[in-house]
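Open your viewer and get ready to click along. We will go stop by stop, with something to select at each one.

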Amino acid sequence: MIVKSIELFDFRNYESLDLKFDEGVNILYGDNAQGKTNILEAIYMSGTTKSHRGTKDKETIRFGKEEAHIRTIVEKQGKEYKIDMHIKKHKTKGIAINQMPIKKASDLFGVLNLIFFSPEDLNIIKDGPAERRRFLDLELCQLDKIYLYNLSKYNKVLNQRNKLLKDIFQNPELRNTLDIWDQQLITYGTKIIQRRKQFVEELNTIIFGIHKRLSGNKEELFLSYEPNCTDAYYPQKLCEARDKDERFGSTSVGPHRDDISFLIGNIDIRKYGSQGQQRTAALSLKLSEIELVKKIIGDEPVLLLDDVLSELDINRQNQLLNNLSTTQTVITCTGLDEFIKNRLKIDKVFRVTEGIVTEEQQLN
Ligand SMILES: Nc1ncnc2c1ncn2[C@@H]1O[C@H](COP(=O)(O)OP(=O)(O)OP(=O)(O)O)[C@@H](O)[C@H]1O
Ligand SMILES: [Mg+2]
């Protein structure tokens with residue numbers, strides 16, 4: 001699949017923009033704070049309905065305006081999909097695919113698969129477990145509609161249970177109602193645990209070879225899913241933790257506390273890896289993610305690289321870009337020097353200046 005074009009109206013610092021992308025490598029370059037990431041954000045929202053920044057919809061509306069529009073044309077297996085997104089200040093946003101309004105965000109599922117890669121992703125191994133869970137969830141929600149459903153149900157039930165735990169402190173008789181929430185939590189939580197386990201296994205079959213190559217044949221990387229509790233012991237553990245949960249007013253057991261560890265040899269590089277080792281493993285993870293998405297959807301996702309190349313040395317840049325010969329890529333960066341120097345293949349170059357984008361002559 002490819003993003004053919006994007007139109008923006010009153011989105012972030014764009015009053016009006018109409019961009020046509022190449023199906024290969026597209027570069028958006030310009031100084032800081034000119035609007036490069038804003039374009040990637042708009043593409044990301046078209047595919048997932050949400051901003052990669054985790055910001056509220058209304059914050060993407062241009063200052064002083066009431067609404068914003070994103071119109072994206074996606075080509076997938078020879079068919080065109082027009083995604084219209086209408087973001088409003090005081091109401092929920094409207095989305096239409098080929099002029100047909102959709103009711104649920106999940107109706108957009110599978111139209112545009114994206115992989116977003118930013119410098120923060122290179123920290124995923126040294127960051128806290130929340131970042132690693134976010135990675136699992138972002139991926140699985142794009143790949144598996146049932147997971148998306150189970151996760152949203154789980155989060156709702158978890159919130160309700162936490163609220164109830166706090167209320168029990170004032171009204172102990174409410175305790176009787178906990179069972180109902182626990183049952184639901186276990187139903188959805190178990191499915192999340194099982195799917196995450198399978199996903200990590202799938203990643204493992206791919207990451208091993210990629211990391212071996214990236215580390216110059218030196219390292220063997222292995223991911224290990226670390227569920228907070230296994231599905232078999234989940235009901236028991238949840239029950240045992242009840243008193244504690246009531247005291248703290250929050251749920252201490254379940255997949256919202258999961259983690260993944262990264263092992264080289266038998267060493268957990270979250271704790272003991274060098275910074276270079278951690279960053280290389282993070283790049284391996286990202287490359288594996290691309291491979292796995294390709295395998296699962298049977299198509300090419302679109303790759304968004306936000307300022308990430310300047311963070312990698314030439315060897316790693318090449319490893320990344322050489323892997324992408326058939327993937328549509330949109331890259332943001334502040335300068336073009338690196339590309340020219342390293343003769344990296346570029347198909348379209350856009351210069352971004354204060355919310356205005358101009359296409360430049362191809363360089364190679
Ligand atoms: N809702 C909004 N309305 C108008 N302008 C906005 C809005 N939100 C952000 N901006 C502006 O967008 C600009 C930032 O855009 P963006 O993050 O895309 O920059 P960038 O080109 O990626 O910069 P960098 O190289 O530093 O990452 C800032 O000037 C900011 O003030
Ligand atoms: Mg940026």
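**A walk across two domains**

Begin where the parts meet: two salt bridges are counted between domain 1 and domain 2. Keep in mind as you look that this is a predicted model.

To see the two domains, colour residues 1-113 together with 300-364 as domain 1, and 118-298 as domain 2, following the domain assignment. The C-alpha centres of these two domains are 28 Å apart. Where they touch, domain 1 contributes 23 residues and domain 2 contributes 22 residues.

**Stop 1: the contact between the domains**

How much area is buried between domain 1 and domain 2? The value is about 2,000 Å², with 59% of it coming from carbon and sulfur atoms. Now select Phe-109, Asn-113 and Arg-316: together they supply 27% of the area that domain 1 buries against domain 2, more than any other three residues.

Next, select Arg-279 and Glu-311 and show their side chains. The two form a salt bridge, and their closest N and O atoms are 3.3 Å apart. Side chains of opposite charge can pair when their charged atoms come close. Across the interface of the two domains there are also three residue pairs in polar contact.

Which elements give two or more residues to the side of domain 1 that touches domain 2? Select α1 (36-48), β12 (302-306) and α9 (314-322) to see them. Of these, α9 gives the most, with three residues. If you colour the residues on this side of domain 1 by type, you should find ten nonpolar, eight polar and five charged.

**Stop 2: a kinked helix**

Select residues 178-214, which make up helix α4, and turn the view until you can follow the helix from end to end. Where is the kink centred? Click on Ile-207: the helix has a kink of about 35° there. Then step on to Gly-216, just after α4, where phi is positive at about 65°.

**Stop 3: a salt bridge between two strands**

The count for the model comes to 34 salt bridges. For one of them, select Glu-75 and Lys-4, whose side chains meet with an N to O distance of 3.4 Å. Glu-75 sits in strand β4 (residues 67-76) and Lys-4 in strand β1 (residues 2-11), so this pair ties together parts that are 71 residues apart in sequence. Show both strands as ribbons and the two side chains as sticks to finish the tour.

Key. Residues numbered from 1 in each chain as written. Chains lettered and ligands numbered in written order. Predicted model: local features only at pLDDT ≥ 70, side-chain atom pairs only at ≥ 80, totals over all residues. Heavy atoms only, no water. Domains from an automatic or database assignment. Contact = heavy atoms within 4.5 Å. Buried area = accessible area lost by both parts, 1.4 Å probe. Salt bridge = Lys/Arg side-chain N within 4 Å of Asp/Glu carboxyl O. Polar contact = N/O pair within 3.5 Å; in protein donor to acceptor, adjacent residues only side chain to side chain. Helix = DSSP H or I, 4+ residues; strand = E, 2+ residues; numbered from the N terminus. Nonpolar A, V, L, I, M, F, W, Y, C, P; charged D, E, K, R; others polar. Bend = angle between axes of the 7 residues up to and from the residue.
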